[in-house]
Amino acid sequence: AVSYTSIVFVNMNGGKSSIRIQPNPVQNRTTNLQMTNIDAGKYQLVLYNILGQQVYSKVIEHNGGSSSQQLNLPNSIKAGTYIAKILNAAEVFNAAIINQQTILR
C-alpha cells in the first residue's frame, strides 16, 4: 500500500534573518544574493572598496521571506575585495565579496 502525507515547510535557520552571496569569489561578474527570513521592502545594496569608498549601489525589491536573485556587477567593479551592505530603515546586513578577474572563453 502507498500513502502520502501533506507537505510541510521546515525552517532550518531557526527564524534568523541572513544574507549570503554565492558563489563567492564572484567570477564573470555574476553572483546570487540569497536573502533568508527577511522582511518585505526596498533594500539598498551598496558596495564599498577596501578604502571605504562607495563604488556601486542598487535598489532591491524583496517580497519578504526567503528568495534569491542574480546580481550582475558592472565592468567598473575591478578584481578585488569589497564589502557589501544591504540595508533599509530597520536592518543592515554586511558581507564580503571577492571579485575575480573575468574569465574569457
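**Exercise 1. Describe where Asn 99 sits and what surrounds the side chain.**

Start with the strand: Asn 99 belongs to β7, residues 92-99 (strands are DSSP E runs of at least two residues, numbered from the N terminus). This is a predicted model, so local features need pLDDT of at least 70 and side-chain atom pairs count only at pLDDT 80 or more, while totals for chains, interfaces and linings use all residues. Residues are numbered from 1 along each chain as its sequence is written, and side-chain values use heavy atoms, with hydrogens and water left out.

Next, check accessibility: Asn 99 comes out buried at 2% (buried is under 20% relative accessible area, exposed over 50%, partly exposed in between, with a 1.4 Å probe and protein chains only).

Then look for partners. The Asn 99 side chain gets to the backbone oxygen of Lys 78 at 3.2 Å. Beyond four places in sequence, its contacts include Val 26, Arg 29 and Tyr 82 (contact means heavy atoms within 4.5 Å).

**Exercise 2. Which side chains form the salt bridge, and are they buried or exposed?**

There's 1 salt bridge in the structure (a side-chain nitrogen of Lys or Arg within 4 Å of a carboxyl oxygen of Asp or Glu). It pairs Lys 42 with Glu 61, 3.7 Å from N to O. Lys 42 is in β3 and Glu 61 in β4, 19 residues apart. Both ends are exposed: Lys 42 at 57%, Glu 61 at 52%.

**Exercise 3. Find the cis peptide bonds in strand β1.**

Go through the prolines. Gln 22 and Pro 23 are joined in cis, omega about 0 degrees. Asn 24 and Pro 25 are too, with omega about 20 degrees. Pro 23 and Pro 25 lie in β1.

Key. Helices (H or I, at least four residues) and strands (E, at least two) are DSSP runs, numbered from the N terminus. A polar contact is a pair of N or O atoms within 3.5 Å; within protein, one must be able to donate a hydrogen and the other to accept it, and residues adjacent in sequence count only if both atoms are side-chain atoms.
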